[in-house]
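User: I am new to this structure and would love a close look at one part of it. Could you take me through how the pieces of the first chain are laid out and how they meet their surroundings?

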Amino acid sequence: MTDATTPPGATAPDPDLLYSEDEDALRAAVRALLADRGDPATVLAGLESQAAYDTGLWHSLATEIGTAGLLVPEKLGGAGATAREAAVVLEELGRSVAPVPYLTSAVLAVTALLGCDHDRADTAAPLAALAEGRTVGVLAVPLTTAPGGPSGPVSVRADANGALTGRVTSVADAAAAGLLLVPAEGPDGPALYAVDASAAGVRTDTVTPLDLTRPLGHLTFDGAHGRLLAVGDRARAAVDRALLAGAGLLASEQLGVAEWCLTETVRHTAERTQFGRPVGSFQALKHRMAALWLEVASARAAARNAADALATDSPDAPVAVAVAQAYCAPVAVRAAQECVQLHGGIGMTWEHPAHLFLKRAKSDELALGSPGRHREALAGLVGIAAP
Amino acid sequence: MTDADDLRRRTAELLAAHPPASTDRLEFLRARFDAGLAWVHFPEGLGGLDAPRALQAVVDAELEDAGAPDNDPGRIGIGLGMAAPTILRFGTDEQKQRLLRPLWTGEEVWCQLFSEPGAGSDLAALATRAVRDGDTWIVDGQKVWTSSAHLARWAILIARTDPEVPKHRGISYFVCDMTDPGVEVRPLRQITGEAEFNEVFLTGVRIPDTQRLGAVGEGWKVAQTTLMNERVAIGGAPIPREGGMIGIAAADWRARPELRTHDLHQRLLKLWVEAEVARLTGERLRQQLTMGQPGPEGSGMKLAFARLAQEISGWEVEFLAEDGLTYDDWTMRRPDRVDFTGREAGYRYLRAKGNSIEGGTSEVLLNIVAERVLGLPPEPRTDKDVAWKDLPR
């Protein structure tokens, strides 16, 4: 043994991988709302409207069902639930590819704020606003940022007066946001600032995204006023925790995407007849769908494990998240690709919603760290060192 | 209803009456069976207490802590996993009393005479004949892939008793005495060089009608119970992270830095992730079973296991470079249990090739998942309503 690393076997925890009754009830509520207001056909029609997101749907989801505050403790104005419940919401959102800023506002922005000192009013107040769905918040980092530290230097600088200068590209839901949480290099090292999206010196340029259901924007700060939320290790940890939670819960969204694609493909191929038989009776197609089913069932175990590790604040969370992302991201992409292919010609059309899922799955694969980045992280975490 | 505390008390009583340190192994196992602590979900008098199946773990943990001997389940897996539940469900009282105790203690080993050279995954196509002669059946035919046949005292056997009806309907199920005249066991040497399996030739073997399980012609239904229990057995105990083959590969990687390449690193990380996810999927299935909500994941686990075992063992041979070119020993051996990780990389690589064939090929399992789990339309069947004797062979 030349490596001093310890095999992690003995420390693997004992996660709860099932769904609780409360989680099932939450799922039923979210699913009913989405079936009514956010089914793929409605989503498709809404995309032509150029709106940043479906405000009516978001309002119902965030405030009537109360999903926006799931991760916020009750004393701070939230529901005091955990990542396990948020994961169930994301499974359903994945199944409908609804254009709502749940992952960005209720997971990433909320978790970043929770990592700051929320005894302070300038942290507690925005947190309560996000929890109640009164404001949409985003963490101003490129959507591709992986947990475990940014790959390059932070692109925004802050001066001693809290004036921010710099540019952050490809921020998810930037145009929808009222509150921007901006990691910046300040006079005392890394820092996290809160900036009003409407403040002077803030510009949001929308870009045409690959995934139409999760809009992107480039943010430019030109001396914009930022309120300091945290500095140093605290700021770094708050951002990293947000990225870890985001990546871990994104696995549940990917599970939902894959599940929809498989279900629709099975339904279509069982009905569609060619050569005198339902195409779903041909072994060449059956085997592909059966193999995909096994991957989806496995993705569920991986996603539940990540959600449970985040919910219980397990020391295993970084491993659980890396495993879930490395596994679930490609499963969602494969499911969406199979969905397009096994639908035949109709899978290539704009009318059929398959393309929405393909675009979401592919851009989710890049989001919050590609599978390769997560495997790289895992190499360090479980002692499989590079050559 | 027997609860966990009750089982702990009974276990403590067993240990007090038969201290493991000073009790003969077999004597202890017999006493454990008689105390109803062998398989607690079995009926009283047959090694159990009619307790919930999940409570077996309570007994096992207490006994392990006390250093009690186990019944070496790896060696008698076919008896425990397949024969016992079938006998329990379809056997007569007399059969249960005679057969279950020595089966559980391992005094009598069981094998399974199902597969045939002409009927692999299409098990119901079997041709071994059983012809009635008064109170006995005369059996002629050939079976294959029979593990433990050379050690077995008993076999569960399916044979054709009516060739005039479609293939699933003319089969009956028997308990065959492997010491009877006409039973000949020949080792079947495999790709690994060893003979883990056997061919079994049955020539005029006389089986008393009292050794039939289930009605004449209903053997396929009985066999379904056997095969379903084979799959349930996979639920089993939780395995630790890096348990099994991936643990060996990871240990190799840590021990031999001079052999590392970037390509092998990438592939190992991918396999590590897949092995961890397979472990979690098995763990999730186990949790569902404990909650009394068995999920369909079980039907897919064998597929994942087979693919992973083949890929990881193939990776390992490649990683070992020059050492991967060598093999430990081609001597013909007759192992009395399957050990996937005990020997070296070349053996693992070759043995894993069987994982996607034995117990139903991966291709047939994919069909089963597609039809039974996803509800996709079945393959067209040309043999469904045709008498077995008229089927092309």
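Analyst: Happy to! A word on terms before we start: domain bounds here come from an automatic or database domain assignment. Please also keep in mind that this is a predicted model.

With that in place, chain A is divided into domain 1 (21-102 + 110-135), domain 2 (139-232) and domain 3 (236-382). Domain 1 is thus written as two stretches of chain A, 21-102 and 110-135. UniProt, in an unreviewed entry, places the feature "domain: Acyl-CoA dehydrogenase/oxidase N-terminal" at residues 20-107 of chain A. That span is 62% helix and 0% strand, and its end C-alpha atoms lie 21 Å apart. A further UniProt annotation, "domain: Acyl-CoA dehydrogenase/oxidase C-terminal", also from an unreviewed entry, covers residues 241-379 of chain A. Here the make-up is 78% helix and 3% strand, with 20 Å between the end C-alpha atoms.

Now let us look at where domain 2 of chain A meets domain 3 of chain A. Their C-alpha centres lie 29 Å apart. The contact brings together 19 residues of domain 2 and 22 residues of domain 3. Between them, these two domains of chain A bury about 1,700 Å², with 64% of it on carbon and sulfur atoms. On the domain 2 side, the residues that lose the most area to domain 3 are A:Pro147, A:Leu210 and A:Arg214, which together account for 28% of what that side buries.

A:Arg214 is worth a second glance: A:Arg214 and A:Asp364 form a salt bridge, with their closest N and O atoms 3.0 Å apart. The count of salt bridges between domain 2 and domain 3 of chain A is three. The count of residue pairs in polar contact between these domains, both at pLDDT 80 or more, is eight. By class, the side of domain 2 that touches domain 3 divides into ten nonpolar, seven polar and two charged residues.

Next, let us step outwards to the partner chain. In all, 52 residues of chain A are in contact with 46 residues of chain B. The two chains bury about 4,200 Å² between them, and 70% of that is on carbon and sulfur atoms. Three salt bridges are counted between chain A and chain B. A salt bridge joins the side chains of A:Lys286 and B:Glu371, at 2.6 Å from N to O. There are also 15 residue pairs in polar contact between the chains, both residues at pLDDT 80 or more.

Which elements of chain A supply at least two residues each to the side that touches chain B? They are α7 (232-271), β10 (277-278), α8 (283-311), α9 (317-342) and α11 (371-381). Of these, α8(A) gives the most, with 15 residues. Sorted by class, the side of chain A that touches chain B has 32 nonpolar, eleven polar and nine charged residues.

Finally, a brief look across at the partner: chain B is divided into domain 1 (4-105), domain 2 (110-215) and domain 3 (222-374). The C-alpha centres of domain 1 and domain 3 of chain B lie 29 Å apart, and their contact takes eleven residues from domain 1 and ten residues from domain 3. These two domains of chain B bury about 900 Å² between them, with zero salt bridges and two residue pairs in polar contact, both at pLDDT 80 or more.

Notes
Residues are numbered from 1 along each chain as its sequence is written. Chains are lettered from A and ligands numbered from 1 in the order in which they are written. Side-chain values use heavy atoms; hydrogens and water are left out. Contact means heavy atoms within 4.5 Å. Buried area is the accessible area (1.4 Å probe) that two parts lose on being put together, summed over both. A salt bridge is a side-chain nitrogen of Lys or Arg within 4 Å of a carboxyl oxygen of Asp or Glu. A polar contact is a pair of N or O atoms within 3.5 Å; within protein, one must be able to donate a hydrogen and the other to accept it, and residues adjacent in sequence count only if both atoms are side-chain atoms. Helices (H or I, at least four residues) and strands (E, at least two) are DSSP runs, numbered from the N terminus. Ala, Val, Leu, Ile, Met, Phe, Trp, Tyr, Cys and Pro count as nonpolar, Asp, Glu, Lys and Arg as charged, and the others, Gly among them, as polar. UniProt positions are given in the numbering used here, feature names are shortened, and annotations may be inferred rather than shown by experiment.
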